Amino acid sequence: MPEREADRSVSQTVRAQLALRDLILSGGLRPGERISELQAVETTGVSRTPVRMALVRLEEEGLLEAIPSGGFMVKAFSERDILDSIELRGTLEGLAARFAAERGVSARDLEPLKECVNEIDGLVRRDPVSVEAFSSYVTLNARFHALLTELSRSPPLIRQIDRASALPFASPSGFVMAQSALPEAHQILLIAQDHHRVVVDAIENREGGRAEAVMREHARLAARNLRLALRNRTHLELLPALALIKSAAAD
């Protein structure tokens, strides 16, 4: 296959993958619902070969399950599945923070991370925090985690963090919008922001163990958000994907 044609195929696969993932996580497809290759083609407007690859990738992510008779089914997840995925991501990000601290980061390279933290400060100072501010926080929080990961200067680790973050609900901001409806919302944001500041300080001072421990604890805050969100489904429209998660009692 010519190089340009191969690039186009990859692009179409990513496009289909993102569109189908969004459909699942926005509640457009329900747990147990079947999706065929032809249906996915019609939904995404992408040809069959890239769609087939996209469906396989979503199966690898854990959002879909292959059906022996053909096609795929949207999976439901236990609370334990999600907690394990969050713990995995936190462990890997902790390693990234330790690498960054122990290998050393120049003041110039650390500056974008500090600027990101300062921008987040402007959001978390607001009380109450609006849904719009939470939405902005999601973007900045994702940037913080991406910048921190890059500072590890470890391509193999970065790849594994990307894979872990793609697991259902395991991304750093997976439950932030659902959290916005909770009475504890502002307090949780303040704790998360304190984690951000402490890990930057630890990296700057080359304290690898401290940086790693903070990022692992930071991931556990996401696990707390999950538990709170699952017990307060009154604002399900903020995160329709919660419908994919079975309660602990159903495990």
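At 53% relative accessibility, R206 counts as exposed, and this arginine, placed in the loop between α9 (185-204) and α10 (208-230), has a phi near 60°, a positive value in a residue other than glycine. The model in which this backbone geometry appears is a predicted one. A second residue other than glycine with a positive phi is R153, for which the angle is near 55°. R153 belongs to the loop that runs between α6 (131-150) and α7, and its relative accessibility of 48% is the reason why R153 is classed as partly exposed, the upper limit of that class being 50%.

As to the overall architecture, the protein comprises ten helices and five strands. Among its 251 residues, 45% count as buried. When contacts with a sequence separation of 6 or more are considered, 77% of them in the protein are accounted for by residues 24 or more positions apart.

Two packing arrangements of helix α4 were examined. Two packed helices are described by the angle between their axes and the distance between the axes. For helix α4 (residues 79-103) and helix α7 (residues 155-165), the angle is about 155° and the axes are 9 Å apart. Since angles over 145 degrees count as roughly antiparallel, α4 is therefore roughly antiparallel to α7. The crossing in which α4 passes α7 is left-handed. On the α4 side, the contact is formed by L88, R89, L92, E93, L95, A96 and F99, and these residues meet L157, Q160, I161, A164 and S165 of α7. Sorted by class, the contact of α4 with α7 contains eight nonpolar, two polar and two charged residues.

The packing of α4 with α9 involves axes that come within 7 Å and cross at roughly 35°. Here A97, A100 and A101 of α4 make the contact with V199, A202 and I203 of α9. The class composition of the contact of α4 with α9 is six nonpolar residues, with no polar and no charged residues.

Electrostatic pairing was considered next. Side chains of opposite charge can pair when their charged atoms come close. The structure holds twelve salt bridges. One of them is formed by R48 with E37, whose closest N and O atoms are 2.9 Å apart. This pair links distant parts of the chain, with R48 in helix α3 (residues 48-61) and E37 in helix α2 (residues 37-44), eleven residues apart. The partners fall into separate accessibility classes, because R48, at 45% relative accessibility, counts as partly exposed, whereas E37, with a relative accessible area of 18%, is buried, the limit for burial being under 20%.

Salt bridges are also found within helix α4. The side chains of E93 and R89 meet in a salt bridge with an N to O distance of 3.0 Å, and these two residues, both in helix α4, are four residues apart, about one turn of the helix. Both E93 and R89 are buried, and both are among the α4 residues that meet α7. A further salt bridge joins the side chains of E102 and R98, at 3.3 Å from N to O. E102 and R98 likewise lie in helix α4 with a spacing of four residues, about one turn of the helix. Neither partner is classed as buried, because E102, at 42% relative accessibility, counts as partly exposed, and R98, at 24% relative accessibility, counts as partly exposed. In addition, E87, R216, E217 and R220 are joined into one network by salt bridges that share partners.

Finally, the surroundings of M73 in strand β3 (residues 72-74) were examined. With a relative accessibility of 26%, M73 counts as partly exposed. Leaving aside residues up to four places away in sequence, M73 touches G32, E33, R34, L63, L64, E65 and I67. The C-alpha atoms of M73 and E59 are 9.2 Å apart in space, while the two residues are 14 residues apart in sequence.

Methods:
Residues are numbered from 1 along each chain as its sequence is written. This is a predicted model: local features need pLDDT of at least 70, side-chain atom pairs count only at pLDDT 80 or more; totals for chains, interfaces and linings use all residues. Side-chain values use heavy atoms; hydrogens and water are left out. Axes are lines fitted to C-alpha atoms, for helices over the stretch in contact, and angles run from 0 to 180 degrees between N-to-C directions. Angles under 35 degrees count as roughly parallel, over 145 as roughly antiparallel, 65 to 115 as roughly perpendicular and the rest as oblique. A crossing is left-handed if the near helix is turned anticlockwise from the far one by less than a right angle, and right-handed if clockwise. Contact means heavy atoms within 4.5 Å. Ala, Val, Leu, Ile, Met, Phe, Trp, Tyr, Cys and Pro count as nonpolar, Asp, Glu, Lys and Arg as charged, and the others, Gly among them, as polar. Buried means under 20% relative accessible area, exposed over 50%, partly exposed in between (1.4 Å probe, protein chains only). A salt bridge is a side-chain nitrogen of Lys or Arg within 4 Å of a carboxyl oxygen of Asp or Glu.
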